[in-house]
Amino acid sequence: MNSHKHNTSPISTLSFSSHYKYSLFATSLDLKRQRFTSPLLLIVLFLCLSFATSMGVSDSGPVVQTTPLVTFLQRVQLTALRSYSKKPDPKFYIDLSLKLPHDLSTAESAFDDLTTGSRDLSVPVEKLEKFVHEYFDDAGIDLVHHEPEDFVSDPTEFLANVENDQVREWAREVHCLWRTLSCRVSDSVIESPDRHTLLPLPEPVIIPGSRFREVYYWDSYWVIKGLLTSKMFTTAKGLVTNLMSLVETYGYALNGARAYYTNRSQPPLLSSMVYEIYNVTKDEELVRKALPVLLKEYEFWNSGKHKVVIRDASGNDHILSRYYAMWNMPRPESSVFDQESASGFSSTLEKQRFHRDIATAAESGCDFSTRWMRHPPNFTTMATTSVVPVDLNVFLLKMELDIAFMMEIAGDRNGSERFVKASEARKKAFETVFWNEKAAQWLDYWLSSNGDEPETWKAENQNNNVFASNFAPIWTSSFHSGKTMSTCLFAHIY
């Protein structure tokens with residue numbers, strides 16, 4: 001690897017790639033129109049293809065483009081990080097909203113004037129702050145406080161069961177955080193979505209707080225568990241409604257409700273959220289509304305790049321899933337840091353693959369775990385798209401069981417039986433692909449190829465390192481921990 005740092009921007013790289021693809025297409029089209037096979041033209045075309053391959057113009061995976069505002073805010077973010085001696089939070093700049101009456105082109109022109117003549121893109125801090133204040137509303141202003149209608153300050157239903165006085169008081173304080181974290185998307189986001197990176201949502205939200213000023217997908221599962229304990233059923237249903245609206249719009253639940261998260265999802269726990277709410281409220285209407293949305297999300301995780309096929313020694317194919325972000329550039333919320341991390345790669349192709357694997361690690365919800373590194377703890381060996389993960393497939397097995405259960409409620413017995421069979425097939429795949437008898441654990445599986453074609457299972461491809469995710473199957477009632485597993489766990493711990 002070349003340790004020299006390159007300052008090529010993602011935008012210029014993308015322009016070069018797009019131009020090169022167009023040139024190849026135009027050459028090919030010209031050959032078809034003329035209907036002859038000139039040896040010279042064929043040689044030229046061959047050399048072009050060879051050059052494109054050697055230059056690593058682009059990887060072959062999908063990319064969901066972000067918005068023009070996000071692209072511009074990445075430039076502002078870079079200048080801020082170059083200008084301050086103490087590095088600011090890069091996410092702050094990507095969460096800004098355009099201030100009225102300015103439009104994007106006006107802000108871009110003013111920024112061009114501000115940075116003209118700067119070799120390293122840095123500017124005096126006071127000038128940068130003046131520009132940001134003039135053209136942008138502060139990060140977080142696109143959310144307004146919402147008083148949840150189902151909040152009760154002293155919920156005796158569960159607090160009365162806490163015997164210890166100190167623990168009871170602590171539980172009351174935690175419960176009261178629902179009021180602090182409850183927000184709704186401002187009207188300006190709904191009226192002018194192109195001025196914001198925050199996405200419009202139909203119902204009030206619960207945010208994590210601190211620098212996280214938006215809804216996150218799998219965080220919402222534990223939020224809903226807490227809301228149900230606090231008897232805040234309306235708020236819990238609202239969170240599910242928001243996530244369902246994202247699936248209906250994008251085809252999957254986004255990592256978070258921001259325009260820069262549209263290229264990836266997170267661990268699929270939406271069906272578990274609906275299931276948890278139904279278990280408490282018996283709301284059949286919610287189940288009926290959720291079913292078509294869950295089927296859409298299920299298709300997303302079981303098709304395209306997410307789908308992998310592992311063939312066993314008997315020639316039987318086992319269909320499983322992997323994380324795979326639709327992005328091959330620095331993540332906008334951490335653009336500068338991602339560029340620095342990839343600076344040691346010598347080719348554009350290597351950088352694109354690395355950026356995709358970083359974004360895919362974010363899709364996993366486990367972010368930069370050594371699970372995803374071929375040579376841990378070397379961060380640059382991140383290869384998340386090459387891993388078939390135990391936990392993701394547990395979540396999908398749970399989704400299959402949840403959908404089967406909900407279809408039974410909705411009166412679709414045939415559909416229910418279909419998903420029961422799908423869960424049985426995935427459980428069989430667990431036994432074949434993930435289970436390791438000697439370790440008494442389920443182990444992640446490393447792909448030998450890019451995962452686009454079926455590949456034959458190899459014992460040496462299992463990741464023998466111990467991670468908490470190895471035991472995720474115990475979360476579902478389909479798997480049980482026997483004596484062998486208990487003995488193994490005891491041995492590893494002690």
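This section describes the overall make-up, nonpolar cores, surface patch, cysteines and backbone geometry of a predicted model.

The protein contains 18 helices and 12 strands. Of its 494 residues, 50% count as buried. The accessible surface comes to about 24100 Å², and carbon and sulfur atoms account for 55% of that area. Among contacts between residues at least 6 apart in sequence, 73% join residues at least 24 apart.

In soluble globular proteins, nonpolar side chains tend to be buried together. The largest nonpolar core of the model comprises 97 residues. Within this core, the residues with the most contacts are Phe131, Val240, Leu270 and Met273. When neighbours within four places in sequence are left aside, the contacts of Met273 are Tyr217, Ser220, Tyr221, Ile224, Val240 and Leu243. Val240 thus appears both in the contact list of Met273 and among the core residues with the most contacts. A second core, separate from the largest one, has 14 residues, including Val308, Val388, Phe434 and Tyr445.

Nonpolar side chains are also found on the surface, where Val167, Trp170, Val174 and Leu177 form a patch. Together these four residues present about 370 Å² of accessible area. Trp170 is placed in helix H8, which spans residues 165-181. With a relative accessible area of 56%, Trp170 is classed as exposed, because the cut-off for that class is over 50%.

The count of disulfides in the model is 0. A disulfide is a covalent bond between the sulfur atoms of two cysteines. Two of the cysteines were examined for accessibility. Cys176 is partly exposed, at a relative accessible area of 30%, whereas Cys183 has a value of 9% and is buried.

The loop between helix H15 (348-363) and strand E8 (387-388) holds Phe368. The relative accessible area of Phe368 is 32%, so this residue is partly exposed. Not counting residues up to four places away in sequence, Phe368 touches Arg331, Ile358, Ala361, Met373, Phe379 and Met382. Of these partners, Ile358 is 10 residues from Phe368 in sequence, and the two C-alpha atoms are 7.5 Å apart.

Most residues other than glycine have a negative phi, and most peptide bonds are trans. Departures from both tendencies occur in the model. Asp367, in the loop between H15 and E8, has a positive phi of about 50 degrees although it is not a glycine. Asp367 is partly exposed, with a relative accessible area of 36%. Pro377 is placed in the loop between H15 and E8 as well, and the peptide bond leading to Pro377 from Pro376 is cis, with omega near 5 degrees.

Elsewhere, a positive phi is found at Lys282, where the value is near 55 degrees. Lys282 lies in the loop that joins helix H12 (270-281) and helix H13 (284-301). A cis peptide bond also links Leu100 to Pro101, with omega near 10 degrees. Pro101 belongs to the loop between strand E1 (97-98) and helix H5 (104-115).

Technical notes:
Residues are numbered from 1 along each chain as its sequence is written. This is a predicted model: local features need pLDDT of at least 70, side-chain atom pairs count only at pLDDT 80 or more; totals for chains, interfaces and linings use all residues. Side-chain values use heavy atoms; hydrogens and water are left out. A nonpolar core is a set of buried Ala, Val, Leu, Ile, Met, Phe, Trp, Tyr and Cys residues joined through side-chain atoms within 4.5 Å. Buried means under 20% relative accessible area, exposed over 50%, partly exposed in between (1.4 Å probe, protein chains only). Contact means heavy atoms within 4.5 Å. Patches are made of residues with over 30% relative accessible area and no salt bridge: like charges are joined within 9 Å, nonpolar side chains (Val, Leu, Ile, Met, Phe, Trp, Tyr) within 5 Å. Accessible areas come from the Shrake-Rupley method with a 1.4 Å probe; for residues, only the protein chains shown count as cover. Helices (H or I, at least four residues) and strands (E, at least two) are DSSP runs, numbered from the N terminus. A disulfide is a pair of cysteine sulfur atoms within 2.5 Å.
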